[in-house]
Amino acid sequence: MNTMLMLVRREYWEHRALWIAPLVVAAAILLVTAVGAYHRGSVDISIDLDNDTSQTQQLDAKERAELQALGQLPMEKKQTLYLVTLLSLSGLQLLVLGIVVFFYLLDALYSERKDRSILFWKSLPVSDRATVLSKALVALVVTPLLVIAISAVTQLAFSGIWAVKFGGSLLGNMMPAWDAGVWLRVQGLTLVAFVIGVLWYAPIAAYLLLMSAWARRNVFLWAVLPPVALAAGERVLTGNDHIGQFLADRFLGVLGLFSTDVQYRSGRGGDAGAAAVQPLDLALNAIDPGAFLQSPGLWLGLAAAAVLLFVAIRIRRYRDDT
């Protein structure tokens, strides 16, 4: 346990973007909320920093009626808008997390060979298995949990800023500034996404670690070009797109778990956009983690991840580029 803790700490010493990037994103979200503007379609809401009030600019009768309709929604529908807002904040941070972790995994086993630090680490009583698994642990578990914690705090700060800046205004009536029940549900949904994401993206993480251990240079190209070339070749030679669909499903399939119609959208046929907002409980009914866990692709991916990690460990054991 002490060895694994030391190895995890090593990753954050050597790859500071893992913890700096989430903090920068959180700071940017709060800064934009505090001094930025709200824009939806042609509706432009700016913040008066002197009076801490919001004001509508250049709104016609239809746009103002649309905002007023949102302000008159039942509380269960306003909670849905609040839920979607908080999930959007989490989604932005998780998107940045995915980008940072992707490049971290490509560099994790390559950089130690490039700067020859692998010779120092191999001189210590630390096995190749522990080293590779610690990097997978940082990418799949520790860093996502760190981002989830930062996201939860960011949501609390966002709610406080929203209450101060928009409280009592036309825009502020669209959704509650704070709802503990909804906030807790968001944390629950985020943790569900974390667990399923770890299982679903494990083979991708293992593949990137394998490429990082194997490639002598241009790790990004070695990792990206083979699957892209296979997908393109299949499409050109056979007219099919099975490989491309498989890759798209592996990268984006987990998003289907949260494919609900809870988002606000403008209604059609003259209906107010508020009519498209569903009550909170109804909006959440479409989320079914149990069905996703029964997917054969999930468990086949875990088996593939185990094989890829085993190969990565074996490669690191015998390759130090000396």
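**Exercise 1. Determine whether Ser159 is buried or exposed, and name its surroundings.**

Solution. Start with the area. Ser159 has a relative accessible area of 5%. Buried means under 20%, exposed over 50%, and partly exposed in between, with a 1.4 Å probe and protein chains only. Ser159 is therefore buried. Next, place it: Ser159 sits in helix H7. Helices here are DSSP runs of H or I with at least four residues, strands are E runs of at least two, and both are numbered from the N terminus. Last, list the contacts (heavy atoms within 4.5 Å). Leaving aside neighbours within four places in sequence, Ser159 touches Tyr82, Ala177 and Trp178.

The model is predicted: local features need pLDDT of at least 70, side-chain atom pairs count only at pLDDT 80 or more, and totals for chains, interfaces and linings use all residues. Residues are numbered from 1 along each chain as its sequence is written, and side-chain values use heavy atoms, with hydrogens and water left out.

**Exercise 2. Describe the largest nonpolar core.**

Solution. Define it first. A nonpolar core is a set of buried Ala, Val, Leu, Ile, Met, Phe, Trp, Tyr and Cys residues joined through side-chain atoms within 4.5 Å. The largest has 40 residues. Tyr104, Leu105, Val132, Leu208 and Leu209 have the most contacts inside it. Helix H8 gives the most to this core, 11 residues. Now take Leu209. Beyond neighbours within four places in sequence, its contacts include Leu105, Val132 and Leu309. A second, separate core has 18 residues, among them Ile29 and Phe158.

**Exercise 3. Summarise the whole protein.**

Solution. Count elements: 13 helices and 3 strands. Then burial: 44% of the 322 residues are buried.
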